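Here's a walk through the structure for anyone who'd like to get their bearings before heading to the bench. Have the viewer open and follow along.

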Amino acid sequence: MKQTLFLLFIFLGFVSVGFTQVNEQVAKAAELCAEKKFDEALVQIDEGFKSNDLNSDPNAWYVKGFILKELYKQKEANQRQSNYRYRSVAALKKAREFDTNLEFTANIDAALQFIAFTYFNDALLRSAEMDSESENEPIDLYKKFEELYKGSEAELKDLKVEFNSKMAEGHYRNWIKNTEDNHHYTLCLDYYSKVLGLDNRNCTANLNLAIVNYNQGVYMIRKIGAQTDMMDLIAIQDESVKKFKSAIPYAQQAFASCTPSITNYKVLMFVNRALGREEEFLRLKKESEKKFKTN
């Protein structure tokens, strides 16, 4: 299976945290931010909330959210259950709620967008590690990303394609550990189908759906042994043929619409052979050897 890790690196410069309406402790916290003394800044802003009526002040909430975001980057960037990140989102949402004049919208949204992509990256990384017990964790992380995301619909579509592709790969890796259990096999197909729902010409999804269905047919045939009952043998053969037939349209789509490659040829070749189309197998084999000069 082709594996790609899509990591988005959001480079945000230091965001100004100076404000028009100055509260002494908020201003001091902002100064400490400029000096990158974020632990001290957090103490200052928390004291400000305790001693002043700042609960409806978007300035104060933004400063607090910014500080917590920076502490997350410094101390908990590798922790998927980071308390700093969680608290930062809560504070920034408060800032957005009370920013009725939209004075701080750009800064608030930039901070939330940064945090959104940290959730997206964590979702991708978790999909590469998941097993049956943790398979919902990347989904939860991705949902947090979508809740915060404020970019374009076109970009979001691409991100959905990448997430669903990574989830399909994760389920494929789990399925091949135990091909007798169809749970991960079914989810692998589901996630690749979601990719095609967003982009029906997606090369990776079409090719991998052909491979997954073909492999399932092969695994079924491998279960046949000398002791297999004749009726069971016929049933297994029928089911395996169904899988090979399911693979062929995906293999053809990948072959027709994607950049020619030896992999595309091999997948289409062997699916045809599995269906007894030996002439087509030999034609593709000869063509691939000529095109790629293989032996």
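## Two loop residues with positive phi

Leu-102 sits in the loop that runs between H4 and H5. Keep in mind as you look at it that this is a predicted model. Phi of Leu-102 comes out near 60°, a positive value in a residue that isn't glycine. Most residues other than glycine have a negative phi. Leu-102 also counts as exposed, because its relative accessibility is 60% and the cut-off for exposed is over 50%.

Lys-36 has a positive phi too, about 60°, and Lys-36 is not a glycine either. You'll find Lys-36 in the loop between helix H1 (24-34) and helix H2 (38-51). With a relative accessible area of 53%, Lys-36 is exposed.

## The overall build

Stepping back to the whole chain, what does the secondary structure of the protein come to? Twelve helices and zero strands. Reading along the sequence, you get α-α-α-α-α-α-α-α-α-α-α-α.

Now for the dimensions. The C-alpha trace spans about 85 × 45 × 30 Å along its principal axes. The radius of gyration of the protein is 27 Å, whereas a compact globule of 295 residues would come in near 19 Å. As for contacts with a separation of 6 or more, 63% of them are between residues 24 or more positions apart.

## Surface and charge

How much of the protein is tucked away? Of the 295 residues, 44% count as buried. The protein exposes about 15900 Å², and carbon and sulfur atoms supply 49% of that area.

On the charge side, there are 40 positive and 42 negative side chains. The centres of those two sets lie 7 Å apart.

## The nonpolar cores

The largest nonpolar core holds 60 residues, and the members that touch the most other members are Ile-45, Ile-67, Phe-120 and Phe-145. Which helix gives the most to this core? That's helix H5 (residues 105-127), with eleven residues.

Phe-145 is a good one to click on. Leaving aside neighbours within four places in sequence, Phe-145 is in contact with Ala-116, Phe-117, Tyr-119, Phe-120, Leu-156 and Leu-159. Apart from the largest core lies another one, of 15 residues, and its members include Ile-248, Val-267, Leu-268 and Met-269.

## Two buried residues in H7

Trp-175 lies in helix H7 (residues 153-175). Is Trp-175 buried or exposed? Buried, because its relative accessible area is 0% and buried means under 20%. Not counting residues up to four places away in sequence, Trp-175 touches Asp-181, Asn-182, His-184, Tyr-185, Val-212, Asn-215, Gln-216 and Tyr-219. Tyr-185 is ten residues from Trp-175 in sequence, and their C-alpha atoms are 5.5 Å apart.

Lys-166 is in H7 as well. Here's a lysine that counts as buried, with a relative accessible area of 4%. Look across to Tyr-192, which is 26 residues from Lys-166 along the chain: the C-alpha atoms of the pair are separated by 9.2 Å.

## Two partly exposed residues

Lys-94 belongs to helix H4 (residues 83-98). Why does Lys-94 count as partly exposed? Because its relative accessibility is 34%, and partly exposed is the range between under 20% for buried and over 50% for exposed. If you want a long ruler across the model, try Lys-94 to Lys-266: they are 172 residues apart along the chain, and their C-alpha atoms are separated by 56 Å.

Thr-204 is in helix H9 (residues 203-222). At 24% relative accessibility, Thr-204 is partly exposed too. Between Thr-204 and Asp-190, 14 residues apart along the chain, the C-alpha separation is 14 Å.

Technical notes
Residues are numbered from 1 along each chain as its sequence is written. This is a predicted model: local features need pLDDT of at least 70, side-chain atom pairs count only at pLDDT 80 or more; totals for chains, interfaces and linings use all residues. Side-chain values use heavy atoms; hydrogens and water are left out. Helices (H or I, at least four residues) and strands (E, at least two) are DSSP runs, numbered from the N terminus. The radius of gyration is taken over C-alpha atoms; the globule rule is 2.2 Å times the number of residues to the power 0.38. Buried means under 20% relative accessible area, exposed over 50%, partly exposed in between (1.4 Å probe, protein chains only). Contact means heavy atoms within 4.5 Å. Accessible areas come from the Shrake-Rupley method with a 1.4 Å probe; for residues, only the protein chains shown count as cover. Lys and Arg count as positive and Asp and Glu as negative; His and the chain ends are not counted. The place of a charge is taken as NZ of Lys, CZ of Arg, CG of Asp or CD of Glu. A nonpolar core is a set of buried Ala, Val, Leu, Ile, Met, Phe, Trp, Tyr and Cys residues joined through side-chain atoms within 4.5 Å.
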